[in-house]
Amino acid sequence: MQTIKNYINGELIAPIGKQYIDNYNPSNGKVYSLIPDSDERDVEIATKAALKAFTTWSITSKTERSRILMRISELISENLERLAIAESMDNGKPVALAKLVDIPRAASNFHFYATGILHYSAESHSMEDTAINYTLRSPVGVAGCISPWNLPLYLFTWKIAPALASGNCVVAKPSEITPMTAYLLSELCIEAGLPKGVLNIVHGYGHKVGAAISSHPSIPLISFTGGTKTGAEIARVAAPMFKKLSLELGGKNPNIIFADCDYEHMLKTTLNSSFSNQGQICLCGSRIFIERSMYEKFKKDFIPLVNKIKVGDPSDKDSRMGAVVSKPHMEKVLSYIELAKEEGGKVLCGGTQLKLEGELADGYYLAPTVIEELNYNCRTNQEEIFGPVVTIMPFDTEEEVLMYANSTQYGLASILWTENLTRAHRIANNLHTGIVWINCWLLRDLRTPFGGVKSSGVGREGGFEAFDFFTEPKNVCIKLK
Ligand code: NDP
């Protein structure tokens, strides 16, 4: 059985306490590796290593930092197959999806920020002939990066790459539920020649390792992606220490469909935006609102397509859905389906665990589920389920659907389907979300600001916004006379 190690000060080492956590393969429910159960002592040595490395890395030229990060990007691409298999084994997602989305995006994250840093510049403000101000942007120090299990390497690298490119050193914690690709990344960083201590990866539980990172006095900046409750806890600890915080949290995204949409395109994309990655993407459209005149037709066409989705062995290239990430998560999703029924919902398809045969009999498989006849404001339609469960609901007017869409505590993303240009702009302007996709979903340009409003988070990732977060501005004012 493989034993994962921490990556501290350039070396792969065991946790100080010598304790380990079982790592389950969701496709068959079996333990297949061991994860360090690290604690604050491991975070302490990682932070010391990062602080030491910062004295050199922060003044290493941008071109040299860029060169090393480009090499990491290349190594991720060269190891596509191996990383995709590891991601699937850890998370339950189809290998094909990891090969198409997760791993290429992890390589792109490094590539994007390795090149981006070469083009990042600061402002100057002229006061005519009185003075000139210019802004210096310096790395902050040691950045704490904490990431979730749904897109493990993709989201881990989305934080680490801009932090390192802008000259910070990092103490990072992947989710203890899906640590394998972060571990493999540490091997690739060694191979790429990343100087020791620049990136440190400490594995373990959130309440131990994550909490030690967020409360560490020498870590002045925390970039976190995960649940809203955890984000609130991190903010509670970090805010009185005046740490810089970027929080990317939960979502309950509306998918608004007008009768004038490009129907076939909408139907195909809605299938993906509902069930891709077993519905475990913070950007999935879990509440589908359909204009009443088209509601019955949508239902008639959508349900058979959902029933046709092949849920199966993640390593089988024909599987469209694999297993959900863990047994507790599967049970949580099932409990929400029960809640939906109690709230008066009618399950149109799915609604149950799926038992596969043979080796996979103990895996965590769920049938893709569609529920109707629920109120917009019931718990099922207000709380994040984060699984292969969507609700459908008819609407009559724009005002009504906007009210439904904006009614939750979340405000991450929304999806809108209409061919009416004026309406599209009008609704986009009135949706309370950080991202609006019109006639598409998950189309990403890495230069754009990414993040949510309300309980979906604070701050934006992506593009130069990430460099703004990972650097501290200093204004220098020079009097001319
Ligand atoms: P969690 O909030 O449970 O965990 C996220 C990370 O935080 C994990 O590494 C976790 O460790 C760690 N953690 C837990 N407790 C603490 C603590 N007290 N202090 C510091 N760190 C801690 O989220 P999930 O992993 O369950 O991920 C799913 C959530 O992430 C969903 O709500 C989803 O919407 C959100 N998400 C948001 C995205 C966005 O961009 N807005 C993108 C993707 C997901 P451990 O694993 O040990 O618990």
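Q: Which element gives the most residues to the shell around the ligand?
A: Helices (H or I, at least four residues) and strands (E, at least two) are DSSP runs, numbered from the N terminus, and here α7 gives the most to that shell, with four residues. This is a predicted model, in which local features need pLDDT of at least 70 and side-chain atom pairs count only at pLDDT 80 or more, while totals for chains, interfaces and linings use all residues. Residues are numbered from 1 along each chain as its sequence is written, and side-chain values use heavy atoms, with hydrogens and water left out.

Q: Which residues come nearest to the ligand?
A: A residue is near a molecule if one of its heavy atoms lies within 4 Å of it; of the 32 residues around the ligand, Glu176, Gly206, Thr230, Cys282 and Glu384 come nearest.

Q: How should I read the polar contacts of the ligand, and where is the one with Glu176?
A: A polar contact is a pair of N or O atoms within 3.5 Å. In this model a polar side-chain atom of Glu176 lies 2.4 Å from an oxygen atom of the ligand, a side-chain N or O atom of Trp149 is 2.8 Å from a ligand oxygen atom, and for Gly226 a polar backbone atom is 3.4 Å from an oxygen atom of the ligand.

Q: How much of the ligand's accessible area does the protein cover?
A: Accessible areas come from the Shrake-Rupley method with a 1.4 Å probe, and the protein covers 87% of the 900 Å² that the ligand has on its own.

Note on methods
A polar contact is a pair of N or O atoms within 3.5 Å; within protein, one must be able to donate a hydrogen and the other to accept it, and residues adjacent in sequence count only if both atoms are side-chain atoms.
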